[in-house]
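Work through the following exercises with the coordinates open, and try each task before reading its solution.

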Amino acid sequence: MKPGHTEIQLTKVEPASLQSFDTLYIKTYGCQMNEYDSSRMADLMQQAYGLKLVGTPEEADVILMNTCSVREKAEEKVFSELGRYRKIKEKRPDMIIGVGGCVGQQEGDRIQKRAPYVDIVFGPQTYHRLPELVKQIRRERVRITETDMPEIEKFDHLPKQAAHGVSGFVTIMEGCDKFCTFCVVPYTRGPEISRPVEDILAECRELLAAGIVEISLLGQNVNGYRGEGPDGEEWDFTMLLYAVARLPGLKRLRFTTSHPIEMTEELAIAFAELPQLMPYLHLPVQSGSDRMLKAMHRGHTRADYLRIIEGLRRHCPDLALSSDFIVGYPGETDEDFQATLDLMREVGYDSTFCFKYSPRPGTPAAKAEDNVPEEVKDERLQALLELTREQAKSALDRQVGKVLDVLVEKEGRNPGDMEGRTPDFKIVHFRGQPRQIGQVMPMRIVASYGQSLRGELVIAE
């Protein structure tokens, strides 16, 4: 038995009760990397067993949870959802329940001790073994915990990625070495490990050949990429961007999530030089207070961050920015919080993701006293959200009257409507046809709503 792999023998189930094995349900929490991982799990299980994805757990022969431990009470949310699945399994004991992702990695076999009806617990680096683990469970009726952290070997075992829609995701690196004091990712995803350039380009080519026209490159610290190039030399993230942008058939290129200390002048210039690279950047800052940034071990100051934004906008004036903010970090004062509000106003974000601080198990910040009262956290969060709504509305309003290139993604909710996205990632609804899906079309923006835009197709004369 290898490290990170444990087994518990279960009561034998007669083979006849294992005949039904056709459907798969995946519940995904968290970031786009988890969305990517869930998609790859589905590919694995479809290839190995022909399982079809279904929309509810009640329909499934296999239920997989792909979890995230970044936000507040993540573990309790997982166990609450598992309580629902327990009732399903009581009626169908032959079904398989798996818990993967960061909570799986963090909690390990503690999940099965608390929820013994869970068959598999696995981490982000071991989901490529799902088919063989499921086979072992069905054959031997054991419970398995698989939380080893091999160096990104999973990418060597994943099948060809299935294409869904017009946009695709490619993970280029795993893990994080920044060790921000509040963040559990370095402990659940491991150190930064970059995939070879040729492997990434091959996956991108597969997606493009399958009809994908927009690719997003993913990583916990995506702009910290350092991978082996075709020449055997180390490539940085900007070099990779230029290589992906040259691939035939690619119309749009995006990436997330970036860290400020990995932003370079060359990367800023890429926004100006690569027409495929869309003018949208998610650049988390977490706080506008130097005192809080130092306590969080962010590695940069407020002034550093503002200089980075200035440089980016010098090369790409239309760049849309989003960010993450934490309120109520241990020791945060009213002055610290005011510095965060001031930074938001100075930068002018198109969108932000704002959260109340909650201690994550195993992180340095969890050892500090969580001394900001909950009602103060609530007040600060509401103030951030109000400013976010104001800035998001202004960003949408500024687009009215412009003609923008919109990538048509899918049919809209209303009959006759289509839905697409602008270069800066805003949703546009317009009257159109399904045959337009996958095309980039000029659209005059005629109205802004709460979270989207209304456009009219510009017909060339």
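**Exercise 1.** Determine which residue forms a salt bridge with Lys377, and classify Lys377 as buried or exposed.

*Solution.* Start with the criterion: a salt bridge is a side-chain nitrogen of Lys or Arg within 4 Å of a carboxyl oxygen of Asp or Glu. Applied to Lys377, this rule gives Asp370 as a partner, with the closest N and O atoms 2.9 Å apart. For accessibility, buried means under 20% relative accessible area, exposed over 50%, and partly exposed in between, computed with a 1.4 Å probe on protein chains only. Lys377 counts as buried because its relative accessibility is 1%, whereas Asp370, with a relative accessible area of 34%, is partly exposed. Finally, follow the links outward: Lys377 and Asp370 belong to a network of salt bridges that also takes in Lys356, Glu374 and Asp378.

The model is predicted, so that local features need pLDDT of at least 70 and side-chain atom pairs count only at pLDDT 80 or more, while totals for chains, interfaces and linings use all residues. Residues are numbered from 1 along each chain as its sequence is written, and side-chain values use heavy atoms, with hydrogens and water left out.

**Exercise 2.** Find the salt-bridge partners of Glu203 and Lys426, and state how many salt bridges the rule yields.

*Solution.* Glu203 pairs with Arg195, the closest N and O atoms being 2.8 Å apart, and both Glu203 and Arg195 are buried. Lys426 meets Asp424 at 3.0 Å, N to O. Lys426 is buried because its relative accessible area is 10%, and Asp424 is buried because its relative accessible area is 10%. The rule gives a count of 36 salt bridges.

**Exercise 3.** Establish the strand order of the open three-stranded sheet, and identify which helix lies across S8 and S11.

*Solution.* Helices (H or I, at least four residues) and strands (E, at least two) are DSSP runs numbered from the N terminus, and two strands pair if DSSP finds at least two bridges between them. The order is S8-S11-S14, with parallel pairing; strands S8 (167-171) and S14 (252-256) are the edges, each pairing on one side only. The twist averages 25° from one strand to the next, where axes are lines fitted to C-alpha atoms, for helices over the stretch in contact (heavy atoms within 4.5 Å), and angles run from 0 to 180 degrees between N-to-C directions. S8 and S11 (residues 214-218) pair over five bridges, and Thr171 stands opposite Leu218 in S11. Helix H7 (residues 197-209) lies across S8 and S11, at about 165° to S8.
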